[in-house]
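User: I would like to learn how to read the features of a structure one at a time. Please take me through some cases.

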Amino acid sequence: MPGPNIPFYLHHLGEREARSVAEVLKTPMLTTGAEVAAFERDFARYLGVREVVGLTSCTDALHLALYALGLGPGDEVITTPQTFIATFHVILRVGATPVLVDVEPDTGLIGPEAVRTAITTRTRAILPVHLYGRMCDMRGLGALADEHGLFIVEDAAHCVEGRRDGIRPGQAADMACFSFYATKNLTSGEGGAIALQDAERAARLRRLRVHGLSLSAEDRHAGAAPHYDVQEFGFKCNMSNLQAALLNPQLPGIAARHARRTALEARMRARLTGVPGIALPPTVPPGETHAHHLLVIFVPAERRAAIIAGLRQRGIGTAINFQALHRFTAVRRLGRWREGDFPVAERIADTALTLPFYPRLTDEQADAICDAVRATI
Ligand SMILES: *Cc1c(COP(=O)(O)O)cnc(C)c1O
């Protein structure tokens with residue numbers, strides 16, 4: 001069957017990014033240096049936070065954040081079953097215990113009420129995920145964290161542009177972690193960052209991202225001092241100048257690309273509204289900004305495989321975000337949860353269908369996607 005042939009994702013990088021990388025290649029400094037420092041400064045300014053620390057992935061950002069907070073064996077971290085596996089795995093990686101609470105049916109987010117019921121004497125942190133780009137109730141979670149003396153680390157992989165109650169990622173939590181993976185709203189193929197307000201903690205994170213060295217490669221290259229110390233062991237997850245060179249030209253265009261995503265979302269929502277069998281996530285209330293990372297619709301579970309196949313025949317790529325974590329074999333082997341434990345996350349996992357959605361989509365392509373969904377359903 002001939003179709004519109006629309007891939008699941010196309011990046012928006014072009015000549016500017018190519019020139020920016022070419023400039024770095026003319027310098028000797030390919031690892032962490034001036035380009036990374038410029039990215040950290042400008043992304044922090046964009047987010048309205050004091051500090052950004054550039055890393056190699058959001059997975060490493062989440063891991064480093066939990067590690068820097070001193071979390072380990074015996075500590076419980078409350079998070080959501082409706083997310084990417086990385087959110088969960090980093091808790092195990094520091095030796096702490098993940099505690100899952102079900103998400104709210106209309107938003108797919110964990111809220112303060114559910115989190116409250118899971119707090120024990122061992123709880124040390126909350127790890128909320130701003131699913132699809134919609135922000136969690138950071139005011140409510142912040143009040144709960146204050147009440148119980150808990151840390152908050154945000155998984156903001158979907159949420160560069162989000163805002164709720166006047167709060168943006170990184171502003172009301174201990175740390176917020178971002179992803180610059182190939183399909184994210186900002187991308188360097190692979191990459192990540194932590195946004196935070198505490199300059200001293202940021203300095204420690206900059207040491208921990210390179211084995212705990214007291215001097216950066218740039219300091220050593222500049223001849224500041226030939227010897228460095230290692231005061232504590234760290235990891236190896238520092239962003240390179242090449243990654244930052246890809247990211248820097250994208251920063252001035254965040255608002256324009258977000259406006260395009262917002263317009264596309266409204267167009268596709270209007271075209272899909274009222275189609276029997278399709279449900280859409282609710283729109284956010286006025287005053288709240290959805291980052292519009294993913295466009296997810298909900299279809300009858302028993303029809304989803306056929307719809308995906310029908311779209312594939314027309315050349316339209318799709319994804320599922322996300323399988324509920326407790327259904328993965330490796331998570332099941334932990335022996336902590338069973339099918340039925342998180343009915344809302346399970347229902348999202350069974351019915352969610354992510355459509356192609358990126359600034360390069362034309363209006364005609366957006367219409368063609370919606371019409372193909374309508375035809376296959
Ligand atoms: C993409 C993603 C991550 C992981 O990001 P990486 O940069 O690939 O490590 C974590 N959490 C969520 C919700 C994601 O979508």
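User: Which residues does serine 57 touch, not counting residues up to four places away in sequence?

Analyst: This is a predicted model. A contact is counted when heavy atoms lie within 4.5 Å. On that basis serine 57 touches Phe178, Gly191 and Gly192, with residues up to four places away in sequence not counted. Serine 57 itself belongs to the loop between E1 and helix H3 (58-68).

User: Is serine 57 buried or exposed?

Analyst: Buried means under 20% relative accessible area. Serine 57 has 14% relative accessibility, so it counts as buried.

User: What polar atoms does the side chain of serine 57 reach?

Analyst: The side chain of serine 57 comes to 2.9 Å from the backbone nitrogen of aspartate 60. One of its polar atoms also lies 3.4 Å from the backbone nitrogen of threonine 59.

User: What surrounds the ligand?

Analyst: A residue list gives the surroundings, and atom pairs then give the polar part. Here 14 residues surround the ligand, the closest being Thr59, Asp155, His158, Ser179 and Lys184. Oxygen atoms of the ligand have these polar partners:
- a polar backbone atom of cysteine 58, at 2.9 Å;
- a polar side-chain atom of histidine 158, at 2.7 Å;
- a polar side-chain atom of lysine 184, at 3.2 Å.

On its own the ligand has 380 Å² of accessible area, and the protein covers 92% of that.

User: In what order do the strands of the sheet run?

Analyst: The order lists neighbours across the sheet. For this open sheet of seven strands it is E1-E7-E6-E5-E4-E2-E3, with mixed pairing. Strand E1 (51-55) and strand E3 (97-100) are at the edges; each has a single partner strand, so one side of each has no neighbour in the sheet. On average, neighbouring strands are turned by 25° against each other, direction ignored.

User: How many bridges join strand E5 to strand E6?

Analyst: Three bridges join strand E5 (residues 151-155) to strand E6 (residues 175-179), and the two strands run parallel. At residue level, aspartate 155 has cysteine 177 in E6 as its bridge partner. Aspartate 155 has a second role in this picture, being listed among the residues closest to the ligand.

User: Which helices lie across these strands, and how should I read the angles?

Analyst: The angles run from 0 to 180 degrees between N-to-C directions. Helix H4 (residues 85-93) lies across strand E2 (76-79), E3, strand E4 (123-127) and E5, and runs at about 145° to E3. Helix H6 (residues 138-148) lies across E4 and E5, at about 155° to E5.

User: Where is arginine 209, and is it buried or exposed?

Analyst: Arginine 209 is in the loop between helix H7 (199-208) and helix H8 (217-221). Its relative accessibility is 6%, so it counts as buried.

User: What polar contact does the side chain of arginine 209 make with another side chain?

Analyst: The side chain of arginine 209 makes a polar contact of 2.8 Å with the side chain of glutamate 40. A polar atom of the arginine 209 side chain is also 2.8 Å from the backbone oxygen of glycine 54. Beyond residues up to four places away in sequence, arginine 209 touches a set including Thr32, Val36, Leu64 and Phe235.

User: Which backbone angles deserve a second look, and what is phi of tyrosine 132?

Analyst: Most residues other than glycine have a negative phi, and most peptide bonds are trans. Tyrosine 132 has a positive phi, near 65°. Tyrosine 132 is located in the loop between E4 and H6, and it counts as buried at 5% relative accessibility. Histidine 211 also has a positive phi, of about 60°, although it is not a glycine. Histidine 211 sits in the loop between H7 and H8 and is partly exposed, with a relative accessible area of 40%.

User: Which peptide bond is cis?

Analyst: The bond from asparagine 321 to phenylalanine 322 is cis, with omega near 0°. Phenylalanine 322 lies in the loop between helix H11 (304-313) and helix H12 (329-332).

Note on methods
Residues numbered from 1 in each chain as written. Predicted model: local features only at pLDDT ≥ 70, side-chain atom pairs only at ≥ 80, totals over all residues. Heavy atoms only, no water. Helix = DSSP H or I, 4+ residues; strand = E, 2+ residues; numbered from the N terminus. Buried < 20%, exposed > 50% of the residue type's maximum accessible area, 1.4 Å probe, protein only. Polar contact = N/O pair within 3.5 Å; in protein donor to acceptor, adjacent residues only side chain to side chain. Pairing = 2+ DSSP bridges. Near = heavy atom within 4 Å. Areas by Shrake-Rupley, 256 points an atom, 1.4 Å probe, with all protein chains shown as cover.
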